[in-house]
Amino acid sequence: MACGASRKLPLRNAAHPPRGHNPAAMTGLRHAPRGLPRFTWPLVLVIAALAGAVLRLDQFATQVLIDDEWHAVHQVLQRGPGDLLLDFGFSDYSIPLGIYDWWLARWFGLSETAMRLPMLLCGLATLVLFPLFAARRFGYPVAALFAVLLAMSPLLVLYSRMARPYAITLLLG
């Protein structure tokens, strides 16, 4: 070859390594590591959902209303459903939850547990539906990690346990 001339090397496709390519040999391993059994990832999803449900249900019925949760109670006591739909009043509250609380108060009696029930159900649904969506889009390993993070997220546990619309917004958003 003349000086300055270069020898052309064949291009290699990274998706198709050359024959005889052994990643285990390059790392010093005798055998390439194998993935976990197929049933492991759905099992992790189920365990994470159950753990998240336990965190959300623990002492759920013994909670009392705090801070902004009282705004809806004051609105229900002072206004009818027509007023609830048209005006926020002097404090902020969720209009759909205000209507739900008004209906609950008129038919069954208002309780802290019943006021929080829609948020608890949305929080539990989030534990199941979000990882299932992630599994279809990104695969089970990513969905399993996502499920574990959802289950133990302190903020999401709190959203599921309070009479504010955050858990509903998360699920529907």
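What is the volume of the largest cavity in this chain? In this predicted model, the largest cavity has a volume of about 50 Å³. The chain around that cavity is built from nine helices and zero strands. Two helices, α3 and α8, make a good way into the structure, and the bullets below take them in turn before coming back to the cavities.

**Overall layout**

- Read along the sequence, the pattern is α-α-α-α-α-α-α-α-α, and no strands are counted.
- The chain has 173 residues, and 29% of them count as buried.
- Among contacts between residues at least 6 apart in sequence, 64% join residues at least 24 apart.

**Helix α3 and its buried side**

- Helix α3 spans residues 69-78, and its buried residues are E69, A72, V73, Q75 and V76. They sit on the same side of α3, because they cover an arc of only 165° around the axis.
- There is a handy general rule here: an α-helix has 3.6 residues a turn, so residues three or four places apart point the same way.
- The face turned away from the buried side of α3 carries the exposed residues L77 and Q78.
- The buried residues of α3 pack against α4 (81-86), α5 (95-107) and α6.
- Is Q75, a residue of α3, buried or exposed? Q75 has a relative accessible area of 5%, so with the cut-off for burial at under 20% it counts as buried.
- Q75 and I99 are 24 residues apart in sequence, while their C-alpha atoms are 9.7 Å apart in space.

**The salt bridge from α3 to α6**

- How many salt bridges does the count come to? The count comes to one salt bridge.
- Its partners are R116 and E69, with the closest N and O atoms 2.9 Å apart. R116 lies in helix α6 and E69 in helix α3, so the pair ties together parts that are 47 residues apart in sequence.
- In general, side chains of opposite charge can pair when their charged atoms come close.
- Both partners are buried: R116 has 1% relative accessibility, and E69 has 2%.

**Helix α8 and what covers it**

- Helix α8 runs over residues 154-161, with L156, V157, S160 and R161 as its buried residues. Seen down the helix axis, these buried residues fall within an arc of 135°, so they line one face of α8.
- What covers the buried residues of α8 includes α2 (40-57), α6 (112-138), α7 (140-152) and α9 (166-172).
- Helix α6 thus turns up in both settings: the buried residues of α3 pack against α6, and α6 is among the helices covering the buried residues of α8.

**The largest cavity**

- Two cavities of 30 Å³ or more are counted.
- Which residues line the largest cavity? The lining is made of D68, E69, A72, Y93, S94, L97, G98, A163 and R164.
- Helices α3 and α5 each supply at least two residues of this lining.
- By class, the lining has four nonpolar, two polar and three charged residues.
- E69 links several topics: it is one of the buried residues of α3, it forms the salt bridge with R116, and it is one of the residues lining the largest cavity.
- A72 is likewise among the buried residues of α3 and part of the lining of the largest cavity.

**The second largest cavity**

- The second largest cavity has a volume of about 30 Å³.
- R56, C122, G123, T126, L156, S160, A167 and L170 line the second largest cavity.
- Helices α6, α8 and α9 each supply at least two residues of this lining, and α6 gives the most, with three residues.
- By class, this lining has four nonpolar, three polar and one charged residues.
- L156 and S160 are among the buried residues of α8, and both also line the second largest cavity.

**A loop residue with positive phi**

- Where is Q59 placed? Q59 lies in the loop between α2 and α3.
- Phi of Q59 is near 60°, a positive value in a residue other than glycine.
- Q59 has a relative accessible area of 55%, and the cut-off for exposure is over 50%, so Q59 counts as exposed.

Methods
Residues are numbered from 1 along each chain as its sequence is written. This is a predicted model: local features need pLDDT of at least 70, side-chain atom pairs count only at pLDDT 80 or more; totals for chains, interfaces and linings use all residues. Side-chain values use heavy atoms; hydrogens and water are left out. Buried means under 20% relative accessible area, exposed over 50%, partly exposed in between (1.4 Å probe, protein chains only). Helices (H or I, at least four residues) and strands (E, at least two) are DSSP runs, numbered from the N terminus. The arc is that of the directions from the helix axis to the C-beta atoms. Contact means heavy atoms within 4.5 Å. A salt bridge is a side-chain nitrogen of Lys or Arg within 4 Å of a carboxyl oxygen of Asp or Glu. On a 1 Å grid over the protein atoms alone, a cavity is a set of points where a 1.4 Å probe fits but cannot get out, and a pocket is an open set with protein on both sides within 12 Å along at least five of seven lines; lining residues have an atom within 4 Å of a point. Grid points are joined across faces, edges and corners, and a volume is the space filled by probe spheres set on the points. Ala, Val, Leu, Ile, Met, Phe, Trp, Tyr, Cys and Pro count as nonpolar, Asp, Glu, Lys and Arg as charged, and the others, Gly among them, as polar.
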